[in-house]
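Please open the structure in a viewer and keep the selection panel at hand. The tour below proceeds from one selection to the next.

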Amino acid sequence: MELYLYIALFAPLVGSLYASLFSRSPKSQHVGIVASGLLFTSFVSSAILLSYVMGGHTVHTEMMTWIAAGDLYIPFGFVVDQVSVVMMMVVTIVSTVVHVYSIGYMDHDKGFNRFFAWLSAFVFSMMVLVMSDNFAGLFIGWEGVGLCSWGLIGFWYHKESATWAANEAFIMNRIADLGMLIGIFLIYWNTGSLQYDVVFAEVGNLQIVVVTWIGIFLFIGAMGKSAQFPLHTWLADAMEGPTPVSALIHAATMVTAGVYLVVRANPIYDLIPNVGIFIASLGAFVALFAASMALVNRDMKRIIAYSTLSQLGYMFVAAGLGAYWVALFHLMAHAFFKALLFLGAGNVMHAMHDELDPFKMGGLRKVMKGTFIMMTLASVALAGIYPFAGFFSKDLILEVGFVEHHYVIYTVLLVTAGLTAFYSFRLVALIFHGEERYKLFGIHPHEAYKFMLVAMSPLLVLAMIAGAFKMTYFQLVMNLLPATQYHIHSQTTFWIMTIGTQLFVIAAILFAYKKYANSGVSVPDGTSKMENSFVYKLLWNQYYIPKIYDEVFSKPYAELSRIAWKQIDLKIVDATVDAIANGIYKTGENTRHIQNGNLSSMLRWMVVGLVVLMTLAVAFSVGYNVVGA
Amino acid sequence: MEITLTHYLVLSSILFAIGLIGVMRRKNLLMLFFATEILLNATNVAFAAISHYIGDLSGQMFAFFIIAVAASEVAIGLGLLIVWYKRTGKIDLDQMNSMRG
Amino acid sequence: MIDHILTLLIFFPALAAMLGFVVANNSMRAYGIAVAFIEFALSLWLWYAYDPMVSGMQFMESAPLIAAFGINYLLGVDGISLFIIILSTFFTLIGIASLTETRRIKNLIITLLFLEMTMVGVFAALDAIVFYVFWELSLVPMLYIIGAWGGPLRIYASVKFFLYTFTGSLIMLVGMLFMAYFYYQATGQWSFSILEWYRLILPENFQLWLFAAFFFGFAIKVPMFPFHTWLPYAHGQAPTIGSVILAAILLKMGTYAFVRFSLPLFPDASVFFMFPIAIIAIIMIIYTAMVAYAQEDIKQVVAYSSVSHMGVIILGTFALNVEGVSGSVFLMLAHGVVSGALFLLVGVIYDRRHTKLMSEFGGLASVMPRYATIFGIMMMASVGLPLTINFVGEFLSLLGFYKQSHMLTLTAGVAIIVGAIYMLAAYKKMFFGTVTNDANRHLKDVNRTELIGLIPLVIVAIWLGVYPKPVLEPINNSVESVIQLMHDKAQSAEAKARIPDLSGKNGITTMQEAH
Amino acid sequence: MLEPIHVSLASLNIATLAPMLIAIVGALTMLVIDMAKGGLHKSLYVMISLLFLLLDLGALVDFGGVFLKNGTVLGFFDVMLMDGIAILSQIIIVAGSMLFIPLALTSKRFHEYDYPEYFALFLFMIAGFQFMVATDNLILIFVGLETASLALYTLIALHNRSKSFEAAVKYFTMGALAAGFYAFGSMILYAISGSVEINQIATILAEDHYSNIGYVLLSMAFMIAAFGFKLSMVPFHTWTPDVYEGSSAALAGYMSIVPKIAGFVVAMRLFEFLVHSGIVWLQVILYIGVVVTMTASNIWALVQTDVKRMLAYSSISHAGFVMAAILIGTTQANTGLFLYWALFSFTNLGAFTMLWVNRQKNLLPEQSSDHPYEKFSGMIKTMPMGAVMMGLFMLSLAGVPPFGLFWGKLYMIGSAVSAGYTVLALIMALNSAIAGYYYLKLIVFMFMKEPMVGYEKFYFMNASLSLKTIIGIAAVGTIFAVFAVNPLLKVITLFVYNSGY
């Protein structure tokens with residue numbers, strides 16, 4: 001089985017290296033095919049491993065030593081257990097799909113080969129992240145995905161906005177990584193190891209305050225990667241990258257790494273329920289917060305990104321409340337339908353020549369039937385309509401909130417579910433229904449390549465039927481995660497809740513259709529009453545948070561840096577050194593006239609010297625006598 | 001009044017002081033040389049006197065040597081002075097400052 | 001020959017430099033490469049012959065020099081110095097091989113070979129005075145390199161570099177003399193041997209004063225805030241080769257000296273000064289990173305980033321535990337490789353455009369893709385991405401210091417954020433966007449000569465990031481004996497507590513036993 | 001009536017006079033040769049001087065052997081005192097002179113070397129210095145001092161330039177004043193102790209428990225003034241730069257070494273017994289004097305525009321540095337003094353010879369002095385070997401290891417440290433750093449600037465085989481000093497320790 005482990009892990013790396021060999025040459029189809037093929041290999045290996053793990057085994061290997069100093073010992077160790085294998089499956093499925101899809105999507109791009117190098121490298125990093133058997137290995141993957149995310153967001157490096165977004169993403173993630181790093185340090189100095197098994201065995205013996213700090217710092221790391229408030233702004237900006245990237249990295253895999261971390265570290269978070277409640281509360285807040293921003297946004301990809309953010313909030317609610325398996329389940333389901341949604345959006349973008357404003361589209365269902373169906377179904381799944389994947393995973397989270405008696409969280413999530421349905425179908429309605437507003441802009445949309453649609457189909461299927469695997473999945477992960485079943489004891493309550501939620505959601509969908517699927521929709525010009533309302537502006541400007549960050553952090557930092565250089569470094573530190581040197585030199589300049597070359601004054605200096613010496617002699621001897629007497 | 005050693009020493013000191021003042025004040029090279037001679041001879045007076053009062057000859061020896069040295073000093077000094085005078089036509093100290101700083 | 005390999009390593013380049021006066025101008029580069037290559041091969045042989053399991057000094061050589069005053073020609077390497085020696089020979093080779101300078105190349109190569117002698121000498125010396133001799137002597141070739149091949153302000157920069165470091169070293173010299181005097185008082189013998197000094201346990205207040213005296217010499221060399229201002233000038237004005245050697249090797253002398261002298265000689269003082277120095281290190285890390293962010297000149301960015309990284313090294317050194325010190329020694333190597341490579345890279349663009357102002361560039365990624373890639377890799381290494389060489393050192397250094405202080409490490413950890421900020425910003429300014437300056441439109445990508453220098457560095461940066469063990473293990477073993485020595489010598493209760501006791505561990509031999 | 005004194009020839013121990021006599025005989029020989037046949041070439045006189053100095057040196061080495069076996073030798077009515085430091089300093093004097101005398105063999109003709117009297121005076125001067133150090137009799141010190149000084153004044157003046165005369169007159173006048181100080185100081189000592197021999201004075205004063213402390217201090221004030229002049233301590237230093245500038249580079253280099261060592265030895269004899277007796281006043285004065293001399297002259301050297309003048313100030317600073325040995329007064333410090341001076345001789349010899357090499361006959365209209373810094377700019381390009389040599393000497397002077405002076409500095413600072421003079425040690429170290437600047441300035445000019453058009457031909461104007469040889473010797477001595485230090489230290493320590501210092 002170790003062989004499959006290594007194949008699953010390194011096949012993407014090989015693909016990446018292969019692609020990077022050609023990264024400077026013009027587009028070559030084979031690069032995409034090889035990379036996709038290798039990813040498929042990886043997927044197959046993962047699948048084999050899955051079946052093996054389902055047989056009740058796990059695979060744990062240690063490839064080689066990485067860092068060993070003092071008592072610290074960090075190997076390149078990999079583990080395939082019930083949790084990681086689920087993640088491996090998600091990662092390899094989505095990335096295989098995205099790879100194949102990208103062959104079509106990046107067809108006309110000059111950086112085709114480079115794209116695949118980065119993309120496969122990302123998958124490799126992600127695999128390292130999920131398969132590592134220790135926190136340091138996790139951190140390698142953690143940073144690796146950050147790097148690839150940087151490279152892919154800024155893939156079109158000639159665009160200022162893209163590179164800016166890339167740097168923003170990297171730096172914000174770094175802020176969180178610091179927290180993660182500190183968490184790792186705490187773990188090491190308190191348990192003496194970074195291996196999961198050792199740490200989790202040891203963590204119960206630690207003081208609770210230490211565990212709390214560990215939990216907090218690790219979660220700070222998770223907040224960055226999963227773009228939780230207040231480190232969320234990068235995710236929306238990251239949409240500057242090519243759409244397959246958004247599908248893979250910023251929807252399905254990388255952003256869920258934070259959730260994975262919390263799930264993985266469940267023995268730690270189990271000990272600190274207070275931190276868990278904080279996580280859950282933050283998750284609930286982010287769910288609502290992000291959904292609210294999605295309501296008014298006019299950028300197709302950003303809407304989906306906010307939706308992702310919102311769904312991450314859901315996952316954190318589940319993880320925070322101790323329902324780790326639920327979180328992981330939603331993670332999986334979400335990966336499928338959200339990736340699908342993004343890829344669909346990619347098709348639309350292609351059709352619309354990179355136009356992102358849904359108000360400028362409309363009526364596309366006629367020309368893009370396949371995409372229309374896929375996106376609609378994905379949105380249905382996202383909204384959580386029975387029997388699609390979202391229903392099983394999302395409703396479960398609501399139930400968890402209810403069962404754990406966190407009614408505020410429950411209410412927030414319920415409202416968010418409605419909002420989710422509304423903005424999802426606002427988008428669908430604006431893109432595919434109503435009048436063909438794009439004609440105003442002289443665009444001639446066309447459907448994407450057929451193989452791209454075919455490539456997307458596995459995701460469609462999974463988005464539809466993933467819920468059916470719920471019990472299988474539960475059986476699998478209960479070996480590793482707390483196997484709590486969340487049942488609402490009263491059947492009546494259960495049915496009222498479930499049906500009520502469904503009705504609420506459907507109502508939201510219908511409202512969205514009513515408002516946006518008619519022919520009266522026009523491109524907003526900023527004059528309508530709604531657009532000038534305070535709430536709209538607040539949401540439109542993302543609660544002014546990017547602006548605040550710019551004003552409070554970026555600009556002062558730049559200004560402070562300038563002051564540090566020009567005022568402190570040059571004018572104080574360096575000037576002091578120069579002043580000492582100049583002072584010495586000036587003293588020389590100012591006193592050299594003592595040597596004026598005149599013999600008389602030279603003689604006088606000698607006599608003065610003598611007189612001074614004599615005076616001192618007399619003074620001293622008088623003093624000596626006085627003291628002596 | 002008996003002349004004691006102190007008187008000699010005071011005389012010597014006064015002479016020395018005169019010499020010092022001369023060295024400091026004189027701008028004429030020749031007068032400067034005179035002043036240095038006064039300095040040396042002031043010492044001679046003291047040496048001779050001390051030698052006499054403590055009954056030891058080395059003081060007088062010292063004085064003789066000083067006289068000899070002073071004589072050769074004058075020889076050198078006058079030589080330099082003459083050359084200087086021939087080159088510049090002056091023996092004024094204030095003219096002598098081509099090197100400074 | 002293996003018994004005198006260190007002597008050979010030190011004086012072979014010097015001898016070759018002498019003979020180099022005879023070589024004709026147009027063949028000088030080949031000669032230089034040949035000599036540097038032989039020297040590098042010798043240093044690899046040293047590594048091969050080195051026994052990584054022995055923690056003490058190996059290849060020791062001793063000859064009386066000024067016996068009457070206890071000065072001996074005493075050489076030896078342990079895991080701490082071995083790799084810095086190899087780094088020196090490696091960078092001399094790379095520097096000469098990728099040399100693009102054409103003016104008075106003969107003088108330049110001869111100077112570089114002399115410089116190599118001093119560099120190897122510093123790290124191989126086990127006698128304080130021999131150490132000091134090479135330490136000071138290294139200033140001279142660097143002075144000449146900056147002053148003769150540098151930019152418009154080269155004279156100011158070189159004189160500042162020389163005088164600043166010279167002043168610090170002289171204070172250090174007084175400290176060394178004191179140390180020798182204490183040894184004399186204790187034993188009745190003069191000795192400047194570091195290993196002999198290790199056996200001396202000094203009263204704490206003496207330690208504090210001596211630590212301070214040594215500190216001046218080391219801190220200016222490192223350079224530590226606020227003694228760092230010579231560095232931007234030196235780097236800004238120095239030719240590429242000068243900056244490369246300066247950043248890669250010469251700065252390491254200071255940090256190396258901390259490990260070699262300050263820690264084992266003054267364990268109590270090291271503990272006493274740990275927090276003040278950590279605060280200075282943090283200022284170095286954050287403040288200089290900010291200054292780097294404000295720079296307009298790419299070379300200055302790299303220069304200030306050096307100071308920032310040196311802060312992490314200092315922090316690791318003063319973690320006073322095996323993890324931290326090993327990490328800081330490893331980071332010395334890592335920073336050498338990475339900053340050396342970055343300076344080489346800056347040199348590449350400078351050779352083409354004769355400017356280093358970032359505003360002159362932009363969009364280079366499309367004009368010079370290979371250049372952008374290598375720069376990107378090195379930038380990521382500099383930022384400390386895992387699986388690159390810098391990460392191992394940074395991680396261990398910070399990890400080590402975390403044992404001593406939570407808050408300070410948290411603050412120092414900001415390094416990974418601010419480091420990313422200035423580096424990414426600089427990279428964006430230079431490489432991203434569209435080409436706006438016509439002068440950049442037809443720049444040639446890196447050529448073969450330049451690749452000869454850059455490719456090995458890329459390989460090393462990744463190889464040692466993925467598999468640091470061959471280097472880290474000997475370092476670790478030697479550091480363990482240093483830490484054990486410190487623990488044994490420490491007198492104050494706090495020092496005993498702060499410095500871990502490793503005597504329970506297997507395979508630890510203290511300095512004395514190994515000696 | 002005085003009783004006739006019977007003196008046996010053996011007890012006179014005439015041999016103690018041998019070294020000086022050899023020099024004097026040499027001088028007379030040359031005068032005789034000149035009388036017999038005039039117009040002979042200077043090389044003859046150079047070689048004759050060298051031969052006699054060699055004999056002189058041989059005699060001294062012989063005395064060294066005797067000293068190591070039998071200890072201090074007294075002679076000639078116990079006026080001559082051949083102790084360790086006398087022998088050591090004489091060796092330095094004679095060896096230094098031997099290295100300087102070949103500098104007369106320049107390729108350009110200089111007026112003074114045409115006179116055989118020049119060489120005769122040179123040897124007389126050496127004899128004077130030898131007398132000065134080989135006695136503790138104040139009279140003989142005075143006579144030796146004046147003999148040497150008067151000869152030196154003349155040598156300076158013989159250079160036959162307007163500036164030389166000015167220098168000679170200044171030196172002479174101030175020297176006469178200093179002689180007056182010396183005489184008066186001696187007189188006071190004689191008055192309170194009734195003796196003119198330093199060791200007797202020391203004994204008498206000690207027996208007396210320094211009851212006349214006021215007078216002792218007064219006499220010391222005069223003595224410090226007198227020797228301050230000789231050793232060019234601030235503020236008695238004012239003659240130094242002018243005299244160096246006025247004399248030829250060769251003679252200036254000579255003056256920076258030989259007269260000073262003679263001065264140091266006398267200062268050691270005169271001051272150290274008082275320092276050891278715990279006369280705080282003297283310690284304080286010396287401390288201040290040392291620090292001020294070192295620092296002030298360094299600062300003034302910074303602003304010089306002429307290399308020779310810079311070297312003049314630098315040698316003041318070095319002298320101040322070495323004066324610290326007298327303040328510290330331990331065997332280690334005194335050993336350091338001799339070691340330092342021996343090493344300094346080599347380096348300074350080289351530096352001044354380099355100046356001498358590029359000395360031109362006549363100044364260009366825009367030149368204000370013989371050796372402005374600009375003259376050296378870009379030297380590496382036109383005369384690489386010369387530039388490397390000069391750079392080497394500058395580095396050595398700055399105290400960059402492993403060149404000669406570093407070891408001297410190391411040992412001196414080490415002795416300060418051992419004697420507990422921590423602050424002094426730091427000041428000494430920091431002064432080296434300040435000094436680094438002006439030495440570096442010359443290196444900067446030589447290595448980092450472009451050559452001045454029209455000056456190239458002066459670089460090597462005056463070079464000749466003998467000058468190059470001297471530079472070579474100096475360079476070898478400077479570079480390989482590290483190997484000489486150990487034997488030197490051993491010998492010097494032996495001599496100094498056995499002389500009771």
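The stops that follow cover single chains, a helix, a core and two interfaces of this predicted model.

**Chain C as a whole**

Select chain C and display its secondary structure: there are 24 helices and two strands. With a radius of gyration of 22 Å, close to the 24 Å that the globule rule gives for 515 residues, chain C is as compact as a globular protein of that length. Viewed along its principal axes, the C-alpha atoms occupy a box of roughly 70 × 55 × 40 Å. Should the viewer colour by burial, 69% of the 515 residues of chain C count as buried. Among contacts in chain C with a separation of 6 or more, 80% are between residues 24 or more positions apart.

**Chain B as a whole**

Next select chain B, which has three helices and zero strands and reads α-α-α along the sequence. Its radius of gyration is 17 Å, where a compact globule of 101 residues would have a value near 13 Å. The C-alpha atoms of chain B fill a box of roughly 50 × 25 × 25 Å along the principal axes. Buried residues account for 36% of the 101 residues in chain B. Of the contacts in chain B with a separation of 6 or more, 46% come from residues 24 or more positions apart. Show chain C again beside chain B: the two chains do not touch, and their nearest C-alpha atoms are 24 Å apart.

**The interface of chains A and C**

Which chains share the most contacts of the five pairs of chains in contact? They are chains A and C. Select this interface, which takes 47 residues from chain C and 38 residues from chain A. On chain C, several helices each supply at least two residues of the side that touches chain A, including H13 (274–294), H15 (322–353) and H22 (469–489). Highlight H20(C), which gives the most to that side, with seven residues. Coloured by class, the side of chain C that touches chain A shows 29 nonpolar, 12 polar and six charged residues.

**The interface of chains A and D**

Move to the contact between chains A and D, to which chain A gives 24 residues and chain D 29 residues. On chain A, helix H23 (545–591) and helix H24 (599–628) each supply at least two residues of the side that touches chain D. H24(A) gives the most to this side, with 16 residues. By class, the side of chain A that touches chain D has 16 nonpolar, six polar and two charged residues.

**The first helix of chain A**

Select residues 2–21 of chain A, which form helix H1. This helix has 20 residues and reaches 28 Å from its first C-alpha to its last, close to the 28 Å expected. Centre the view on Phe10(A), where H1(A) bends by about 35°; a proline, Pro12(A), follows within four residues. Buried residues of H1(A) include Leu5(A), Leu9(A), Pro12(A) and Ser16(A). To see what covers the buried residues of H1(A), add elements of chain A, among them helix H2 (29–54), strand S1 (59–69) and helix H4 (112–131).

**The largest nonpolar core**

Finally, display the largest nonpolar core, which has 727 residues; Ala339(A), Leu340(A), Ala463(A) and Ala324(D) have the most contacts inside it. Helix H7 (residues 162–193) of chain D gives the most to this core, with 21 residues. Zoom in on Ala324(D): beyond residues up to four places away in sequence, Ala324(D) touches Val290(D), Met412(D), Ala416(D), Leu424(D) and Met428(D).

Definitions and conventions: Residues numbered from 1 in each chain as written. Chains lettered and ligands numbered in written order. Predicted model: local features only at pLDDT ≥ 70, side-chain atom pairs only at ≥ 80, totals over all residues. Contact = placed C-beta atoms within 7 Å. Nonpolar A, V, L, I, M, F, W, Y, C, P; charged D, E, K, R; others polar. Expected span 1.5 Å × (residues − 1). Bend = angle between axes of the 7 residues up to and from the residue. Buried ≥ 20, exposed ≤ 12 C-beta atoms within 10 Å, placed from the backbone. Rg over C-alpha atoms; globule rule 2.2 N^0.38 Å. Core = buried A, V, L, I, M, F, W, Y, C linked by C-beta atoms within 7 Å.
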